[in-house]
Amino acid sequence: MNERGKSDGRVVPEKPANKAAKAAAERVEGRGPAKGNSLEDSVVRTQSRGAASTGLERVRQAAGRDRKQKFTALLHHVYDLGRLRTAYRAINPKAAKGVDGETWKSYGEKLEENLQDLSGRLKREAYRGSPTRGIEITKADGRKRPLGIPTVEDKIVQRAVTEVLNAIYEEDFLDFSYGFRPGRDPHTALDALATGLHKQRVNWVLDADIRSFFDTLDHEWLIKFIEHRVGDQRIVRLIWKWLSAGVLKDGEWRRSEKGTVQGGSISPLLANVYLHHAFDLWANRWRRTRAKGDMLIVRYADDFIVGFEHRSEAEEFLAELKERFLQFKLELHPEKTRLIEFGRFADRGRGGSGSGRGRPDTFDFLGFTHICGKTKGGRFMAVRHTMRKRMAAKLKEVKAVLRQRHNHSIPELGAYLKAVVQGHYNYYAVPLNFHAVSSFRWKVGRLWQRALSRRSQKANVPWERMSRLIAKWLPPARICRLWPFPRIGVAT
């Protein structure tokens, strides 16, 4: 988007004119590289052997000073014992096992010995990446999503490499990129989108979806993008090892010729690097040099929303984006990519006699359906409601768990459902979505009542008793998230 995102989540929405002076553009974007520096002229070596955090801080500062510097000595930051130890502790102890059967607990029984050995192999380049264990999970729409489970050792090294590369790329990534970055989460992106839709003259929204992005990401292009900043070929070879390690599923090994397996610690960073070059830089340049009206961009991993003031610019951007993606072996999903009328003027001319246009269109983003709404004073605002598919999928999951645990005690079931409901509130309880989160709580209570009533033919639980159980165990519905912008107490 054309706001400059702050580290504390605040957004400054002002955008200078597209033809403004260079200083104004740099104030908004903050991404202009120093002129006259080629990649060859700006190679630096980061050989510091001081504290690990100090070393990475130097890398970060150097990356921020010159956007074209290539870092040729990074591996020593990876095999640092302190960083490997921190990476191990960041792994979920309950995470599934990789192809070697090693668990977090078993690896930690001889942690220092194992980390010393791992550090030595990394140092002398004897480390070898293992295939990931392939599994599938069911998405909210019923489709299967492939996931890869790396070994514990691969998780450790990937986390260490990610931390080192983040010191560089956090200086490069643009402010409208929110996915899987330090200090950012889905609600940061949602708040930025809500603020942009409210503050800017957005009348058309491009709701885009990249077809099977993580499965089609091109390895050669990815390595080229990495080498723009990383001159240490030992790091590049590590990434190659993970990309080509393949997937072991049902005892059969399959080579990975494209894509990056979801589930690895480094996969989100690699996806961000790819889209930074394939989409972000191009879209940002298009906004600054081609757009005459306001233009809003918010990207979270491979999901992105682009808002426009003028329809002609939206159609032109979409046509050029398709050609742009083809260059990098990506494709927009033809059925899930839509250009819709959405914004403060979208409801003009609708609903009148003979208009036939109905209500303005809606779009889904990060679990919420975005709807054109109005304040009490009649001003436009984007209202966010829980996506029906997401709620239905969660309720289906709860129903299956209750069937599996039909013999568990009421306190055990109550504790499980309490965690489910509170977790739902933590994400979906945003302003103006009270009805949806309240409905979720009520539906969970009904599922619980049916589960208890099925315990025997005579165990029908009356609603009076069930209401007491719900009041005791399920937290009351409440809004947990703050308004994305201040001074706007509204109701639809």
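Strand 14 (residues 368–374) and strand 15 are joined by seven bridges and run antiparallel to each other. Strands here are DSSP runs of E with at least two residues, numbered from the N terminus, and two strands count as paired if DSSP finds at least two bridges between them. Within this pairing, His-370 lies opposite Arg-384 of strand 15.

The model is predicted: local features need pLDDT of at least 70, side-chain atom pairs count only at pLDDT 80 or more, and totals for chains, interfaces and linings use all residues. Residues are numbered from 1 along each chain as its sequence is written, and side-chain values use heavy atoms, with hydrogens and water left out.

Strands 14 and 15 belong to an open sheet of three strands, ordered 13-14-15, with antiparallel pairing. Its edges are strand 13 (363–365) and strand 15 (380–386), each of which pairs on one side only. From one strand to the next, the twist averages 45°, where axes are lines fitted to C-alpha atoms and angles run from 0 to 180 degrees between N-to-C directions.

A further antiparallel pairing, over six bridges, links strand 10 to strand 11 (residues 303–308). Here Leu-296 stands opposite Gly-307 in strand 11. Two residues separate the strands of this hairpin, in which Ala-301 adopts a positive phi near 55°.

Strand 10 (residues 295–300) is largely enclosed by the rest of the structure, because six of its six residues are buried, that is, under 20% relative accessible area with a 1.4 Å probe and protein chains only. In a regular strand, side chains alternate between the two faces of the sheet. Met-295, Ile-297 and Arg-299 point one way from strand 10, whereas Leu-296, Val-298 and Tyr-300 point the other way, and all are buried.

How values were computed:
Helices (H or I, at least four residues) and strands (E, at least two) are DSSP runs, numbered from the N terminus. Buried means under 20% relative accessible area, exposed over 50%, partly exposed in between (1.4 Å probe, protein chains only).
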